[in-house]
Amino acid sequence: MQNQLQEQRPFAVYSKPGSATVTGIFQTNIEEYYLTDFTKQGFVFAPFEGDKYLFIPMQESDVITVTIEANGFAPAEPQPVAINPESKLGFEDLVARCVTAIKTGAFGKLVASRSEMAQLSVTDITKVYQNLLYAYPNAFKYMFFHPASGLWMGATPEQLLKAQNHTIHTVALAGTQLYKEDEEAVWENKEKEEQQFVTDFILNELKDYTNQITTTQPYTFRAGNIVHIKTDISAELKEASLLKEVLQTLHPTPAVCGLPKTKAKQFILDNEDYNREYYSGFLGELNRDFATGKQAQTDLFVNLRCMKINGNVAQLFIGCGITKDSNPEKEFIETVNKSMTMRRVL
Ligand SMILES: C=C(O[C@H]1C=CC=C(C(=O)O)[C@@H]1O)C(=O)O
């Protein structure tokens, strides 16, 4: 990884939820590749906005898979975050604007986000990635570098799309509360309704491209120090060649953008005062499982609980779903809670 960084060659290192292995795809040249042909095999890193998807093609890369050695790393509880009053007010104002827009009836839901800076306490970034690996076994943990994007890391709980030949799998994720040991999460009707809304949207979007759609019951799903409501959704693609269409239908998901999707995206671009870049984009394997070498396997995740690292400073990206009942201050606190996912490993 250090070599790739020094020579400015793209790479992706990642470990899937529940997996005991880490896979690395190391591009052997410094070319900038973008995804144009969705039948190609490689690793994709897509932004929130636009269709310039960074791509590390398999043919131009060395692939290594290693087993994670147990080390017993226990993430420390981070120091309380010093809250910047200006960014708190700015975010609360954004949430208030979202609520007003939702109340006009134009949106069912919007996702407001912000970024904040944090100092790294270690100089070796591979150590930060190791911490992520040990701290979040059930997330998709990655480190990605490309000269066009810079260095990113994250531990995301949200699958965008898993495809094995014709069978696809996605999730509807919404609702957030702090994880409490030995206590079952109790969800308010408002949160259950919001999550059902997301499930219904996905089912409706998939119906043109798929048959035999099945869903699980909504269940509580832990992601580090917080929990969400999740429904697993599976379906059969009418044709394998529809992968691109399905992907573009699902991205950006209601968990990171809002409903209706196109209008919500424009609202975000007009109202957020920073550039999301690759936060709330997506990333992962396209048409190949690199650990096993199996083809026709796609495994993509939404880029959440992530950060961009520059020297010893990390830019953390965090957002939350806003509905007509949202309270701006509570939503700000939720972003602080979510930021702990990253702060605990820095
Ligand atoms: C947008 C984020 O989380 C999403 C995923 C799950 C639950 C969410 C929520 O309850 O607001 C968010 O929609 C983020 O972590 O930046």
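In this predicted model, strand S6 (residues 109-119) runs antiparallel to strand S20, and the two are paired over 10 bridges. Within this pairing, Ser115 has Phe317 of S20 as its bridge partner. Both strands belong to an open sheet of nine strands, whose order reads S5-S2-S1-S7-S8-S19-S20-S6-S14 and whose pairing is antiparallel. The edges of the sheet are taken by strand S5 (61-67) and strand S14 (258-259); each has a single partner strand, so one side of each is left without a neighbour in the sheet.

Strand S20 also leads naturally to the ligand. The largest share of the shell around the ligand comes from S20, which supplies four residues. The ligand itself sits in the largest pocket. Two or more residues of its shell are given by each of strand S10 (167-178), strand S20 (313-322) and helix H7 (328-343). There are 14 residues around the ligand, and those that come nearest are Thr176, Ala255, Tyr279, Arg305 and Gly321. By residue class, the shell is made up of six nonpolar, five polar and three charged residues.

A closer look at the polar surroundings of the ligand brings in both backbone and side chains. At Ala255, a polar backbone atom is 2.5 Å from an oxygen atom of the ligand. For Arg305, the partner is an N or O atom in the side chain, 2.6 Å from a ligand oxygen. The side chain of Lys338 likewise has an N or O atom at 3.3 Å from an oxygen atom of the ligand. As for the overall cover, the ligand taken alone exposes 390 Å², and 99% of that is buried by the protein.

Some details of the backbone are worth a visit too, beginning on the two sides of edge strand S14. The peptide bond that joins His251 and Pro252 is cis, with omega of about -10°. Pro252 is placed in the loop between helix H5 (243-250) and S14. A cis peptide bond also joins Leu259 and Pro260, here with omega of about -5°. Pro260 belongs to the loop between S14 and helix H6 (261-271). The loop between H6 and strand S15 (282-286) holds another feature, at Ser280. Although Ser280 is not a glycine, its phi is positive, at about 65°.

Taken together, the description returns to strand S20, which pairs with S6 in the sheet and gives four residues to the ligand shell.

Conventions. Residues are numbered from 1 along each chain as its sequence is written. This is a predicted model: local features need pLDDT of at least 70, side-chain atom pairs count only at pLDDT 80 or more; totals for chains, interfaces and linings use all residues. Side-chain values use heavy atoms; hydrogens and water are left out. A residue is near a molecule or strand if one of its heavy atoms lies within 4 Å of it. A polar contact is a pair of N or O atoms within 3.5 Å; within protein, one must be able to donate a hydrogen and the other to accept it, and residues adjacent in sequence count only if both atoms are side-chain atoms. Accessible areas come from the Shrake-Rupley method with a 1.4 Å probe; for residues, only the protein chains shown count as cover. On a 1 Å grid over the protein atoms alone, a cavity is a set of points where a 1.4 Å probe fits but cannot get out, and a pocket is an open set with protein on both sides within 12 Å along at least five of seven lines; lining residues have an atom within 4 Å of a point. A molecule sits in a cavity or pocket if more than half of its atoms lie within 2 Å of its grid points. Ala, Val, Leu, Ile, Met, Phe, Trp, Tyr, Cys and Pro count as nonpolar, Asp, Glu, Lys and Arg as charged, and the others, Gly among them, as polar. Two strands pair if DSSP finds at least two bridges between them.
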